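Open the model in your viewer and keep the selection tool at hand. We will go from stop to stop, and each one tells you what to pick and what you will find there.

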Amino acid sequence: MSFKVIVLAAGKGTRFKSDLPKVLHKILGKPMLWYVIKAAEKAGAEEIIVVTGHGKDLVENFLKEEKLNAKTVFQKQQLGTGHAVLCAESILKDYDGKVVVLNGDTPLISPEEIKNIASMDGDMIVLTGETENPYGYGRVVRDGKEVLKIVEEKDATEKEKAIREINSGIYAFKTKPLFEALKNLKNDNAQGEYYLPDVLKIFKKRGLKVTAVKTENFNSIMGVNNRHELSKAEKILRERIIKNLQLSGVTIHNPESCYIESEVTVGKDTEIYGPVHIKGKTAIGKRCRIGGFTEIADSVIEDDAEVKSHCHIEKAHLKKGASVGPFSRLREGTVIETGARTGSFVETKKAHLKKGAKANHLTYLGDCTIGENTNIGAGTITCNYDGFNKWRTEIGKNVFVGSNTLFIAPVTVGDNAITAAGSVITKNVPENALAIARAKQVNLEGRAEKIREKNKRKKR
Ligand code: UD1
Ligand code: CA
């Protein structure tokens with residue numbers, strides 16, 4: 001069974017009250033359109049055509065950035081869903097197979113449902129669903145089993161409005177009769193638009209075979225027309241993702257407070273303590289522990305690593321068995337190797353902590369390498385920025401960095417060296433050396449006593 005797909009994405013989404021076209025509004029970090037295209041891809045679509053209109057350039061840029069394999073056609077004026085489909089004729093004029101039409105604002109559609117209607121026999125298959133609250137949807141008017149028509153909310157009679165079977169806006173058509181029918185659509189309706197669902201009546205008049213199949217799962221066809229519905233769809237998808245992780249062997253505490261985006265992967269026997277935000281292309285390995293109040297984006301956390309609570313991790317890489325937090329902030333390019341750790345109030349950027357290196361408290365490590373088993377004392381700062389350029393600090397292995405050391409980069413410290421607490425290191429430190437770079441202490445005997453007496457006299 002082969003088929004092509006048209007995605008309708010030209011509408012403005014007036015009810016979103018936004019400058020951004022509706023289909024680019026995001027659910028769990030990805031635009032609604034992304035989900036629709038991914039579902040079409042997974043269902044095995046031969047070709048995907050997106051009808052753009054409002055925010056055309058934004059939509060095209062998005063398709064390019066995400067490297068989505070979709071062609072676009074432009075609908076200059078939004079004259080209705082029927083007119084939108086007709087805009088794809090230029091691409092499909094020599095095609096005689098099946099075409100599935102998807103709404104860009106129905107992000108929860110599953111590949112299985114697309115595949116199912118694409119493989120069914122008939123000239124037009126419309127996917128429908130039943131809901132307690134059909135307001136706003138087109139209603140499916142039947143006579144017994146037979147479908148008679150689809151009527152939009154604004155055109156429906158009171159009796160029709162009471163129908164709870166609704167049109168999902170998702171259909172499979174035989175392509176040739178579809179385009180013929182679209183040319184005969186009229187816009188004599190409440191909205192003055194060319195309605196795609198009206199193709200149904202034309203098909204029936206011509207004796208073509210029309211079928212309506214009702215989905216068991218209404219959620220998968222819910223339309224998103226405003227930001228309230230957007231949050232509802234997001235909640236459904238969030239719960240779906242969390243359930244899939246749980247069933248694949250991940251323990252999730254407080255699942256209702258976990259925000260985990262769709263491209264995140266998590267290995268089995270990992271334990272996650274909500275609330276957390278895990279975003280982007282984050283990959284978490286097996287047997288990891290992710291503490292609460294933590295945000296992780298576009299990062300790799302290898303097996304057996306631990307992220308304690310209150311961490312913020314972005315574009316970082318924790319190798320097997322690394323440990324960070326609580327209260328660590330790891331920024332882009334950070335690598336924490338096996339047995340290495342960062343503790344509270346440690347910020348890193350492009351910092352590579354080699355095996356067993358430790359920075360346990362109150363530290364900034366930027367543009368630096370910290371060698372194996374080196375210990376960074378509290379208050380250490382790599383001064384990587386001189387106001388114009390960024391410079392590196394290279395620290396060897398088994399180094400002991402005393403508390404409150406400042407490294408004025410560029411600077412290197414050899415293996416097994418020690419820096420005295422409070423040092424401002426401006427020159428390279430050779431291997432095995434002790435570097436002391438602070439003012440010498442002077443003790444003035446009895447001076448404290450004198451100061452006190454002087455002040456007492458003043459008071460009198
Ligand atoms: C549409 C259906 C309705 C169905 C509902 C399901 C019509 C007339 N109505 O209503 O029966 O129950 O979807 O969610 O089809 N679009 C264009 N060009 C246009 C108009 C719309 O590309 O000229 C796109 C929109 O961007 C959107 C999709 O088509 O992605 C549906 O349009 P929308 O205005 O949301 O239709 P609904 O009123 O929801
Ligand atoms: Ca809609």
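A residue counts as buried here when its relative accessible area is under 20%. Keep in mind on the way that this is a predicted model.

**Stop 1: a residue to test the cut-off**

Select Val335, which lies in strand 26 (residues 335-336). Is Val335 buried or exposed? Its relative accessibility is 17%, so Val335 counts as buried. Now add Ala322, which is 13 residues from Val335 along the chain. A distance label between the two C-alpha atoms should read 9.6 Å.

**Stop 2: a threonine and its backbone partner**

Next, pick Thr294, placed in strand 19 (residues 294-297). Thr294 is buried because its relative accessibility is 3%, below the cut-off of 20%. Show its side chain together with the backbone of His310: a polar side-chain atom of Thr294 and the backbone nitrogen of His310 are 3.2 Å apart.

**Stop 3: a covered strand**

Move to strand 4, residues 48-52. How many of its residues are buried? The count is 5 of 5. Turn the strand to look at each face: Ile48, Val50 and Thr52 are on one side, Ile49 and Val51 are on the other, and all are buried.

Now bring in the neighbours of strand 4. Strand 1 (residues 3-9) pairs with strand 4 in the parallel sense, through 5 bridges. To find your place in this pairing, select Val5, which stands opposite Ile48. Strand 5 (residues 71-74) also runs parallel to strand 4, and 4 bridges join the two. Here the residue to select is Thr72, the bridge partner of Val50. Add helix 2 (residues 56-65) to the view, and you have a right-handed β-α-β unit made of strand 4, helix 2 and strand 5.

**Stop 4: ligand 1**

Select ligand 1 and expand the selection to its surroundings. There are 22 residues around this ligand, and Gly11, Gln75, Thr81, Glu152 and Asn167 come nearest. Some polar distances are worth labelling. The side chain of Thr81 has an N or O atom 2.7 Å from an oxygen atom of ligand 1. For the side chain of Glu152, the distance from an N or O atom to a ligand oxygen is 2.7 Å. Asn225 places a polar side-chain atom 3.4 Å from an oxygen atom of ligand 1. On its own, ligand 1 has 750 Å² of accessible area, and the protein covers 90% of that.

**Stop 5: the calcium ion**

Keep Asn225 selected and go to ligand 2, the calcium ion. Which residues coordinate the ion? They are Asp105 (OD) and Asn225 (OD1), at 2.2 to 2.4 Å. This pair links distant parts of the chain, 120 residues apart: Asp105 is in the loop between strand 6 (98-103) and helix 5 (111-119), and Asn225 is in the loop between strand 11 (210-214) and helix 9 (227-247). Both Asp105 and Asn225 are buried.

**Stop 6: strand 28 and its partners**

Finish with strand 28 (residues 358-370), which pairs with strand 27 (residues 341-353) in the parallel sense over 10 bridges. Select Cys368, the bridge partner of Ala351. Cys368 also stands opposite Thr393 in strand 31; strand 31 (residues 393-395) and strand 28 form a parallel pair with 3 bridges. Strand 29 (residues 375-376) is another parallel partner of strand 28, joined by 2 bridges. Select Lys358 to see this pairing, as its bridge partner in strand 29 is Asn375.

How values were computed:
Residues are numbered from 1 along each chain as its sequence is written. Chains are lettered from A and ligands numbered from 1 in the order in which they are written. This is a predicted model: local features need pLDDT of at least 70, side-chain atom pairs count only at pLDDT 80 or more; totals for chains, interfaces and linings use all residues. Side-chain values use heavy atoms; hydrogens and water are left out. Buried means under 20% relative accessible area, exposed over 50%, partly exposed in between (1.4 Å probe, protein chains only). Helices (H or I, at least four residues) and strands (E, at least two) are DSSP runs, numbered from the N terminus. Two strands pair if DSSP finds at least two bridges between them. A crossover is right-handed if, with the strands pointing away from the viewer, the path from the first strand over the helix to the second runs clockwise. A residue is near a molecule or strand if one of its heavy atoms lies within 4 Å of it. A polar contact is a pair of N or O atoms within 3.5 Å; within protein, one must be able to donate a hydrogen and the other to accept it, and residues adjacent in sequence count only if both atoms are side-chain atoms. Accessible areas come from the Shrake-Rupley method with a 1.4 Å probe; for residues, only the protein chains shown count as cover. Donors are N, O and S atoms within 2.8 Å of the metal (3.2 Å for Na, K and Ca); water is not among the atoms, so sites may look incomplete.
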